Structure formats: C-alpha cells, structure tokens
Amino acid sequence: MEGSSVAGSERPRPGPEAAPAAVPGILHLDMDAFFAAVEQAAKPSLRGKPVVVGGLGPRGVVATASYEARRFGVHSAMAMAQARRLCPNAAFLSGRFHAYRQVSEVVMRTLRELSPLVEPVSLDEAFVDLRAGVHGAALAEAAERGERAVVAMVEALAEDLRADIRARTGLTASVGVAGTKLLAKLASERAKPDGLVVFPPGRDREVLAPLPVRALWGVGPATAEHLRRAGLKTVGDVAEQPEGVLVRLLGQAHGHGLHALARGEDARQVVAERDAKSISVEDTFDTDLVDRQRLRAELERLARRCVARLREAGRSGRTIVVKVRRHDFATLTRSDTLPAPTDDVRVVTEVARRLLEAVDTSGGVRLLGVGISGLADFTQEDLFVALGGPEDGAAPAADGTGGWAGEPGTAGARADVDGAGGDGAVGGVGPVGASPATGAAVAPWRPGQDVHHPEYGPGWVQGSGVGRVTVRFERPDSPPGRVRTFAVDDPDLTPADPLPLVPPAG
DNA sequence: TCTGGGGTCCTAGGACCC
DNA sequence: TCTGGGGTCCTAGGACCC
C-alpha cells in the first residue's frame, strides 16, 4: 500500500473521484458523558455510580446519563420518569450550567493552544482545524512522507491533547481525527469513551459504506424512514444512488447534500465564530396552563428573559416569535416583523402579547416560548447615543439569571431526592412550591446545587422535601463526604459557587 | 411512561414590485 | 390590456443537532 492515494494534491475536478484531503487535518473532540462526568468529578460520593442529569420536574428529560446509568438503558432525551424506573438508584441531578460552562471554557482554551481555528459545537464538543495551527506545517511535511507518518504524528498530538484536558479538568475526552468534519465526528464517536481514532484520508468511502444512514449528519428519524422506504439502509446504499434520485426523494438541498456526504464529500470548513441568528427562551409547564391571566404573566416573564439575553449579547432584533405547544403537543408559532430592530422589553412584550391573543389556547398550553430573530448589531442605547438623545431611562434590567432548569416560576412541587447509595437519602416530596403568579418564588433547593455551611464547609444538595434539605459535605478533592439534614430555611445554609474540579495550578 | 431547551437550515406559499 | 416571469420579503411549519 503506497501513498498513491494520499499524495495527489487536490485538483478542482468534480465528479465521483473528488480528491481526498491529503492531511487528516480536522479534529473533533467530544467530552465523555459531559454533564454527568462534571458531577462525578465534583462529588466524590458519586464516582462509579449511576448519575442522571436533566429536568427533574414531571415533564423533564435526561440531558446526560453517566456510563454507569447507561448500562441500565438510560440515555439522553429519554423522559426522566422512565429513567427513574430503569435506574431508581441513580443520583438524579438538575443541571449546574454555570459549572459546565466553566469546565467548557478550560477545554476550549486548551483546544485553542493547538490551533486558533476552533469551532465549538456545544459546551462539550468542538472541531479544530489542525492545519491552521502550530502543527500545520509539520503535518503537511509528515503527509509527504506518507500515511503512516501523518497518522503517527496526529496520534501523538491528539493523545497529548487528551492528557492535557484530563490534567486540567479531571475529565476524559474522546477524539476523532480525519480529513473532513463528517469523518472526524464519526471517528470520535467510535473512540468513545476515553479514546482516540484517526481515519486516514482516502479511506472515507470504505469507512462510511457499512454505516446505517442515521450516521450521516442531517439524517434523523424522518429522513431515515424516507430512505428506508426507498430501500436505502446503509450509507453505501445512498452513495450508489444518482443524485437525481435523492433530490426527488428529499428535496433539492437535502438530496444534494446527502449525495455528497454519503460519498465522503464534505467541504464544510471549521468556522471559529459565527454570530447568533436568533435568541429564544421557552418553558414547559408542569401542568398545562389554561388561565388566560396566568398565560399572559408567563409570556411577560419569558419576554423579559428573552430581551435580557438579547441585551446581554449587545444585539437587537426585528422579528418577534411566540411559540405555543398545546396540550396535545401540537406546536405552532406566530411571528411579527417590525420595521426596525428593537431591544426594548415593552415593545417585545406588547408584540408577544398580541401574537398570543390570536392563538386558541382553550385546550391548555404545555409550553410557551418567546424568540427574537432578524438580529442586528446595535442596541437601543446606541441609537439614542447616535441621535444625541437622552440616556435610556426605561432599561428594565430584566434580571438575567440565565439559568436553565431553575425556572422557579413553573407550577408544582419540584421535589427531588436520592443519593446514589441511598444511604442518607431522604425520600421526599414537594418542597415549597413557588408562587408563580406573584413571582414571589421561594427558591427550592435543587438536587445537585452547590451550597456552603459555615461549620461543615462546601457541599451539595442531595434532596429536599417536607421542610428539610439533605446536604452531602464533600468537595472535588476530598474523600466521599457525609450527609446532614437541615430545615429548608436554615440560615446557615447558603447557595455557593461551583468549586474548580482541579485545583488551580500555581 | 409521553416527549426539555436552545439553536440552525430548508421549504412552500403569498404579497409585492419590476 | 393581458400574460408571464423573476426577485425579495415575510410567515408557518418541519427536520435536525447537541
């Protein structure tokens, strides 16, 4: 096996034999069971135990399950209720996005040491274009010496990266490297957990052919079903189809795109920064909302949250979108486009209210959302300044708490409990509901939440109910800690910031 | 045992203008 | 006057991704 297929520099010749990238220059990194892994690193008593992170309300779904929990069949996007049945002894935690973001920043920073061309896909995932980085030239040189040389070099580089991430975060990452984004992502998937896979360029079709169509980026349940009905089950099946067949089956863009992807042709570049095109917030309620008054109140809260995020980002937008999911899960949107962008809560709220009025909500509303798109790069303040006008006195500074799971406004008891071992766990129900209508929320302690106690130090909420909250006192670098129970309103118990998983160096 | 939240991109149809 | 076509903007919905 000579480097014959590797050597050819790319030619602008189209057709089935498009030149493969000579260098496996795209790296995809994916943190293993990220949210759950952060929790296990932060909470020594959970290591080696099943951990499930996600929404804990009656309509919650799993965001991430630790590998221990996956063995019971728990996986992301599963209804939380089902996860509890499958794995009742798991620790069920609501997300601590603050902590995840902190760890994510360390990971992304580490990637940027390899190359400035880093494209974060989510908190736990990113592409890196190695050719644009410090090793770019050496990589090209190695490629000229042949496939073995580049692969060896890429492997060394990627293992160093994984070791760095482990040292800095205490967490494991899986890495895939290949000539295209598609193959790099498939490689990292194959590497899971805690592994590395390099697909040398030129082998793309070979790697792809046996995979199920679902492996292709952009093929979900609907497309897979379309393809299946046409008798196409594997990527190889799709690759053999003439483009016209796929276009007729799936439409212009999708058909064309899939035709290329199935053949390993993926020209998507790694893009370091892209501006957001829309900002939205939404809440699913524990029970369907019927009361118009209540719906309006929730809508206004959402509008404030949405605008707060818009302003945080220093943007404004022209199109206001209201999203309604009805009791039967039917989802509809109503939008209105203003003549000019705004970041004024009053405007957004007013438009949203009008849009909601036009929707029949009599059957009950499961979810309500407010979004803004058609984003522009200036804020109302800029406009005032530009016009020499007064300071914007109206800025309603909607509090940008920005969290996820918390939504203290939604109805119902947010009870939750259970630690992994079940030893000190308090079975519990219904802490203090919030009073959403009045907005006077008594923040219930959320499972997983960081707390501090003057005597016992840092700890985390294991569960709460019947006026009590159980806390396990431990920290990332301590042995598993002990559980103590307090009254929910114990003044000594205060919310705390997440501790770093790895003590800061130096 | 019903199905989160935050995004992106595409399609189709209608309005409107040239 | 009639007919046709293209381009752009907007709305609504759907598929998909993490």
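In the predicted model, the side chain of R318 places an N or O atom 2.7 Å from a phosphate oxygen of DNA strand C. Two further side chains approach the backbone of this strand through polar atoms: that of S122 lies 2.5 Å from a sugar or linking oxygen, and that of E125 lies 3.0 Å from a sugar or linking oxygen. Elements contributing two or more residues to the surface near DNA strand C are β5 (118–122), α10 (221–229) and β11 (331–342). Of these, β11 supplies the largest share, with six residues.

In total, 20 residues surround DNA strand C, and those that come nearest are S122, K185, T223, S335 and T337. By residue class, this surface comprises seven nonpolar, seven polar and six charged residues. On the DNA side, 100% of the strand C atoms within 4 Å of the protein belong to sugar or phosphate.

The interior of the protein was examined next. In soluble globular proteins, nonpolar side chains tend to be buried together. The largest nonpolar core of the model contains 45 residues, and L27, L29, L111 and L171 have the most contacts inside it. Helix α7 (residues 147–169) provides the largest share of this core, eight residues. A second core, separate from it, has 29 residues, among them I26, L227, V238 and A262.

The surroundings of L29 can be described in detail. Apart from neighbours within four places in sequence, L29 is in contact with V107, L111, D124, E125, A126, L161, I165, A173, S174 and V175. One of these partners, E125, also has the polar side-chain atom placed 3.0 Å from a sugar or linking oxygen of DNA strand C.

A polar residue was also considered. T64 belongs to strand β3 (residues 62–65). T64 counts as buried because its relative accessibility is 9%, the limit for burial being under 20%. Residues up to four places away in sequence aside, T64 touches A33, F34, F35, A36, V51, V52, V53 and R70.

For chain A as a whole, the secondary structure amounts to 16 helices and 17 strands. The chain has 506 residues, of which 47% are buried. Where contacts join residues at least 6 apart in sequence, 62% of them link residues at least 24 apart. The accessible surface of chain A is about 24300 Å², and carbon and sulfur atoms account for 53% of this area.

Technical notes. Residues are numbered from 1 along each chain as its sequence is written. Chains are lettered from A and ligands numbered from 1 in the order in which they are written. This is a predicted model: local features need pLDDT of at least 70, side-chain atom pairs count only at pLDDT 80 or more; totals for chains, interfaces and linings use all residues. Side-chain values use heavy atoms; hydrogens and water are left out. A residue is near a molecule or strand if one of its heavy atoms lies within 4 Å of it. A polar contact is a pair of N or O atoms within 3.5 Å; within protein, one must be able to donate a hydrogen and the other to accept it, and residues adjacent in sequence count only if both atoms are side-chain atoms. Helices (H or I, at least four residues) and strands (E, at least two) are DSSP runs, numbered from the N terminus. Ala, Val, Leu, Ile, Met, Phe, Trp, Tyr, Cys and Pro count as nonpolar, Asp, Glu, Lys and Arg as charged, and the others, Gly among them, as polar. Buried means under 20% relative accessible area, exposed over 50%, partly exposed in between (1.4 Å probe, protein chains only). Contact means heavy atoms within 4.5 Å. A nonpolar core is a set of buried Ala, Val, Leu, Ile, Met, Phe, Trp, Tyr and Cys residues joined through side-chain atoms within 4.5 Å. Accessible areas come from the Shrake-Rupley method with a 1.4 Å probe; for residues, only the protein chains shown count as cover.
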